[in-house]
Amino acid sequence: MFFFIVVVGFIVVVVYYRNQLEVAYEEVGRMAAPIRSSILPFPNHYKEILQKYFGYYNRLNTQQQHAFEQKLLYFIMSKKFIPRQFRPVTDEMKVMIGACAVQLTFGLPRVYLQHFDKILIYPTDYYSSISKRFHKGEVNPAFGAIVLSWKSFVDGYIYSNDSVNLGLHEMAHALRLENIIHNDEYSFFDDGLVEQFDAYARQLCSLPTSEDTFLRAYACANPHEFFAVAVENFFERPAEFQKALPEVYTILSKLLNQDPILHFS
Ligand SMILES: [Zn+2]
């Protein structure tokens, strides 16, 4: 009996420390992401996923594609991808979600959404016991987490010009929060431009709802939603956006330091 207890105890200790070691190893791997991503080659099967599904990447020139790949590798290596209600997280999920973040931050070289080091993925829209309703995605700054329904995320890229893109929407929330969280990436937006952007949002949202609005009504829920919905439109129908709301479009292209119209014309 005593021998049995010793053996079981030994196994428990070994398993515990092995798990601890694995956790520590993964953590060190994430911390070393800047170096690892600059040394290691971009995996071919990652490139194939981008070529197959990611229009934004395919429209970049060779030099830009290389910069995109390096930033994407950094993003993937520095985040913890956590599957919910399924497993495992596939490379396709990591590449597509990472590419979405890189698309948004491509003009901001030092921004990797550092605070949000956890990406939680549900297979489909998920039920929140707090709000008592189904969610497609959310950003949780308290836990440093971006949460996404994979189905809704994919829909965002399948229907690439309907101005609805869950990934870009949630990444935009994370980006705006990242700008005010004190860390290495703090304050990358010009304060004056953010103020101008919010002033236009207030002005547009104060118009009677009967007036034809370019952005969907949800944009006027609050300034954060206005920014997130504007980002979706910025990438999914830039020419129409510029025509309908030229000032807002110009400010957003300055904030993000990129212009999809010039880039891809
Ligand atoms: Zn939102």
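## A tour of the predicted chain

Of the contacts in the chain between residues at least 6 apart in sequence, 71% join residues at least 24 apart. Keep in mind throughout that this is a predicted model.

**Whole chain.** Begin with everything displayed and the view set along the principal axes, where the C-alpha atoms fill a box of roughly 80 × 45 × 35 Å. Colouring by secondary structure brings out 13 helices and six strands, and colouring by burial picks out the buried residues, which make up 32% of the 265 residues in the chain.

**The nonpolar core.** Next, select Ala99, Ala230, Val231 and Leu252, the residues with the most contacts inside the largest nonpolar core, a set of 58 residues. In soluble globular proteins, nonpolar side chains tend to be buried together. Centre the view on Ala230 and, leaving aside residues up to four places away in sequence, add the residues that Ala230 touches, namely Leu215, Ala219, Val248 and Leu252.

**Helix H10.** Extend the selection to residues 223–236, which form helix H10. At 1.5 Å a residue, the 14 residues of H10 should span 20 Å, and the end C-alpha atoms of the helix are indeed 20 Å apart, so the expected span and the model agree. How many of the 14 residues of H10 are buried? Eleven are, and the helix is thus mostly covered; the buried stretch takes in Phe226, Phe227, Ala228 and Val229, then Ala230, Val231, Glu232 and Asn233, and finally Phe234, Phe235 and Glu236.

**Helices H7 and H8.** Now select residues 150–158, helix H7, together with residues 166–178, helix H8. Two packed helices are described by the angle between their axes and the distance between the axes. Here the axes of H7 and H8 come within 7 Å and cross at roughly 110°, and the two helices are therefore roughly perpendicular to each other. To see where they meet, show Ser152, Phe153 and Gly156 on the H7 side, with Leu166, Gly167 and Leu168 on the H8 side. By class, this contact of H7 with H8 has three nonpolar, three polar and no charged residues.

**Asn140.** Finally, move to strand E5, residues 137–140, and select Asn140 within it. Is Asn140 buried, partly exposed or exposed? Asn140 is partly exposed, because 15 other C-beta atoms lie within 10 Å, whereas a buried residue would have 20 or more. Leaving out residues up to four places away in sequence, Asn140 touches Ala145 and Val147. A C-alpha to C-alpha distance drawn from Asn140 to Ala174 should read 8.5 Å, although these two residues are 34 residues apart in sequence.

Terms used
Residues are numbered from 1 along each chain as its sequence is written. This is a predicted model: local features need pLDDT of at least 70, side-chain atom pairs count only at pLDDT 80 or more; totals for chains, interfaces and linings use all residues. Axes are lines fitted to C-alpha atoms, for helices over the stretch in contact, and angles run from 0 to 180 degrees between N-to-C directions. Helices (H or I, at least four residues) and strands (E, at least two) are DSSP runs, numbered from the N terminus. Angles under 35 degrees count as roughly parallel, over 145 as roughly antiparallel, 65 to 115 as roughly perpendicular and the rest as oblique. Two residues are in contact if their C-beta atoms, placed from the backbone, lie within 7 Å. Ala, Val, Leu, Ile, Met, Phe, Trp, Tyr, Cys and Pro count as nonpolar, Asp, Glu, Lys and Arg as charged, and the others, Gly among them, as polar. The expected span of a helix is 1.5 Å times one less than its number of residues. A residue is buried if 20 or more other C-beta atoms lie within 10 Å of its own, exposed if 12 or fewer, and partly exposed in between; C-beta atoms are placed from the backbone. A nonpolar core is a set of buried Ala, Val, Leu, Ile, Met, Phe, Trp, Tyr and Cys residues joined through C-beta atoms within 7 Å.
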